[in-house]
Amino acid sequence: MKISRREFLKGLGASAASLAAIGVSGTVFGAEEKGLPARYYRAAAKLQNSLAGEVPCSFCSVGCGLRVRVLENVPLFVEGATQHPINGTVSWSGGTPAYRSLCGKPFHIVEAMRLGKEGILRSAMVRKSGGVFEKSDIDSAIARAAALIRETHSAKFIKVDSEGRTVNRCEAIGFIGGSYSSNEECYAAQKLMRGLGLVYIDTVARSAIAPTVQGLLATFGRPGATNPIPDIANADAVLIVGADPATETPAIMRYVFDAVIRKEAKILCVDSRHSGTAARAHTHAAVRPGTELAFILGMINFVLQNGKYDEEYLRNNTDAQFFVAEEFRTIVDTDGVFSGYSEGEYDRSSWRYILGRDGRVARDDRMKHPRTLLQVMKKHFGRYNESAVCRVTGVSRQVFNSICEDFCTRTGKMGAAGVVLFGRGLTARATGTQAVRALAILQILLGSIGVSGGGLIPIVSEPNAQGAADFGLLFEFLPGYLPSPTKDLDSFDAYVRQHRKVSREPDAFNEWKNIDCYLASYLCDMYGATDIQTAYSYLPKRDPRKDYSVYGLLCAMERGEIEGLIVMGEDPAASLNSERWFAALSKLRWLVVFDWMVNDTAAFFEDKRFGSGGPEVVVIPSTVFVERQGSFTNITRWVQWQGAQILTFVKAERITGLSFLNSLYEKLSDGGTGFDEGLRALNWEKAAMVDASIVLTIINGLDFKSGNSVGTRTLLNSPLDLKADGSTQCANHFYCGCTAGKRKWQEGDNRLDDEGGLGLYRNWGWSWPSNVRVMYNRAGVRRDGTPFAKPLVRFSAAKWMNDMDTVDGAPNASPKEIAPFVATPEGVAKMFSSALPDGPLPAFYEEPDLPFVNQFSPAYRTNPVLIRREGDILMGDSSFKGTEKLAVCLRFSLGEHLGAGSYTRRLPLFAKFLSQFFVEVDSETARELGIRSGEKVRLRNLRMKDGIVLPALVTKRLSSFRVEKTSFGTVAVCTSCTPLGEIKGGVPVNALFPTAGDPSSKNASEIGLCVIEKA
Ligand code: SF4
């Protein structure tokens, strides 16, 4: 084959990265015209024969566009999509479709698919207890999985519990999945699993998403990020806390730089690590690990004490003017805890507003009365004054004040706004959810919610973590964040009474008042035409005192309470504590894994300590990312569709998640014996459930009475159409109406037009709820209809002008009729909330593993309602004294790895590049202990007495610090460092961390304390 160089470069548009991805090293761009080596022509021939298509990137939650080439049923290489609002064309830079950003992750994953040791699975695998994997056909493997589920279910299903309550649950089977699946797969998975009565339904992405969900729900009534990613470019200041977008998500960082260019925004970074983002920030506060929250609380105090808040915004939109109960006490009054504390838990009855005779919240709109929330907050946050915060965090006064001034003074005024980006360095803490609340409070005070250039955006590396949470793969929620039923709520009416938010505020839209409509529509989706009370009785009822999260599941597996586990597209053994997971997995009777590669969870028995006996393992091969169809929700609620153009590559050797679940359902329900009537009553239309586009229609919501099947029913237009009488079918009210508009985004009608020039791109994909791009956007308009701060919607001539965004809440209600925060019962953003178990306002506590005195509240070192789990010995409880050198241990992921790296770690090429794992050691500690890069060090603590040994990488990215007179080191280990895979030196590093943690999100703290020594 003869191809000219010009054809080679221009005709194919191949980049150097593309060539590298197909096995050609070096670059062609510097080559001489006179000729190219034969390998280039071979590469070009491969490219010419390959097929291309564009898909949303499903490797993290940013939602970039990928252009993918596929050859012989295997992805060949990826590039950034040029025509994409997140990583494609930059609208402010002239509109040329030439610029696209892409992080390295997709390249490595495609490499793993092409070249990994096992490559993509091409058949099912079955391993008998104590044996090795043997190939099987998919149908037989699913039949075997169904038989195993059936056996356990028959033996362990509980219809009525020991107290005589109907609970319809099976606690002996667990399900983990979600973040690597499409929304349609998540929807179908929760449906089948809840149909089976499972209550251990969770996602590993909990660690990334749950604090944000809980923190935002408590504050705004909705769990999603407020503003879309491209809107970052409209910010006057960007505060980045505990996240490193410059390294991990360049597609986000480009908008931060855009804000600097367009608005002269300041980049302000609060992070214990000297990260890539810190290096690019105007100011970096290198806080002591675990004190990021203290810094944010100090910023709130700065705003309150210096009057930097936007008074008009507070009066219009927040609870600052509300009276707080007389009996309420803050940590300042009660030596470190709020009122109601007793023996590890709170009675929350004093965490309330005072109601007037008319049932409305009593208020002082001057916000001067000492019982108004603004004054209570001044007292509470006064504890976090400049000198105390600087002492605890180790940050200089100059840096603290510089960040406060640059963020709060720039943005706390009319017409200006700042955005906050945050990550696991803030949220993976024992107070992680309260940290999200603290950021929300800061933004509320500054008037930066509901306006352009403002808001809160979490940075989450797990793909479709948002979709997994949206569709009920966090155990505590059904889809749409309806609380999952507990055994004490034994009827539909009891559930609604408990969870309906009642409001006496005449201008509160209070969308949760319709929870009866949402739940009835969910039940109709689950069980069809059955009456609502009967349908509700089928739903599994969990025990409200039990922890059904992935961490709780681990403990239950260790106790031998779980017989079988179904894992769909996730790898808990690699992501969490592999030492404990391997041991717990070996206690199962059976394990079913659905994935495109044999991951660490499926292959745990390759670790010889756990190889004998153990469960029967069934692995079902899943399609890879280019083969499937479906929608994915990015971290700012954008729902993007992956179309069918690349689906032609699906072969019988792999199946989609929907096919797997459908086949499993068929085999489980075949004959129907041995199953509770709940599973038999499940509304599962087989023909519809294998097609993602039809499943999306079901998700959209249907008028149930208008036809006999999905295809004949009428689409609903919005959540306002949902009814409580069983006449509407909708699994998730937030997605109701998603496909009902004129623009068929799921059929490829996506446009890059940006009407307002603000980067909202509301004709690209769809955004929940109701295609609103900036939530609570009524907040930019005064109650009389005049704009007051960066408005996104206008009210003119008695109607809303949706020229930039869709107005949030009832579309026909004027600003006077409806207050901006449409999801809270009071119609305002709630800085004071009783929704979380550890306080109505955020407070700082030390991490559970750190033995330091909490200098703000010495009587309470760590979170007083910390969630503690069996087998967890905390270093913070001990007096680890003596001559040993102690170091705080942090976790990080390598950008090249997908998640915990269970796929990428098995790639020989990548293993050559990163030949062995390592531990980063701060340079001062290394000097003190005489450790040089490459030399072995041991890390050990009470949970790992023998410790782990890894080569050191001495770095300035971490710093040691002093607490009182003692110096502590800082080390960091790679989450992906498990014993399985191609890379040498893998050890179960996650065992160094506790599983104790945040009582709101049920997450474990990701800060451990260990002894460091030369090995
Ligand atoms: S930033 Fe995330 S979505 Fe974008 S290319 Fe990288 S992995 Fe994919």
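**View A. V888 and its partner in strand β32 of the predicted model.** V888 stands opposite T970, a residue of β32. The strand that pairs with β32 here is β27, residues 886–892. β27 and β32 run parallel and are joined by 6 bridges.

**View B. The antiparallel pairing of β28 with β32.** Strand β28 covers residues 919–922 and is connected to β32 by 3 bridges. Within this view, V919 faces V973 of β32 as its opposite residue.

**View C. The hairpin formed by β31 and β32.** Strand β31, residues 961–963, pairs with β32 over 3 bridges in the antiparallel sense. F961 has F968 in β32 as its bridge partner. The hairpin has 2 residues between its strands. E964 lies in the turn and has a positive phi of about 55°.

**View D. Burial of strand β32.** β32 spans residues 966–974 and is mostly covered. Of its 9 residues, 8 are buried, that is, under 20% relative accessible area. In a regular strand, side chains alternate between the two faces of the sheet. The strands shown pairing with β32 in the preceding views are β27, β28 and β31.

**View E. The shell of residues around the ligand.** Cysteines in this shell include C57, C60, C64 and C103. The shell also holds F59, V62, G63, L102 and P106. By class, the shell residues divide into 8 nonpolar and 1 polar, with no charged residue. The polar one is G63, because Gly counts as polar in this classification.

How values were computed
Residues numbered from 1 in each chain as written. Predicted model: local features only at pLDDT ≥ 70, side-chain atom pairs only at ≥ 80, totals over all residues. Heavy atoms only, no water. Near = heavy atom within 4 Å. Buried < 20%, exposed > 50% of the residue type's maximum accessible area, 1.4 Å probe, protein only. Helix = DSSP H or I, 4+ residues; strand = E, 2+ residues; numbered from the N terminus. Pairing = 2+ DSSP bridges.
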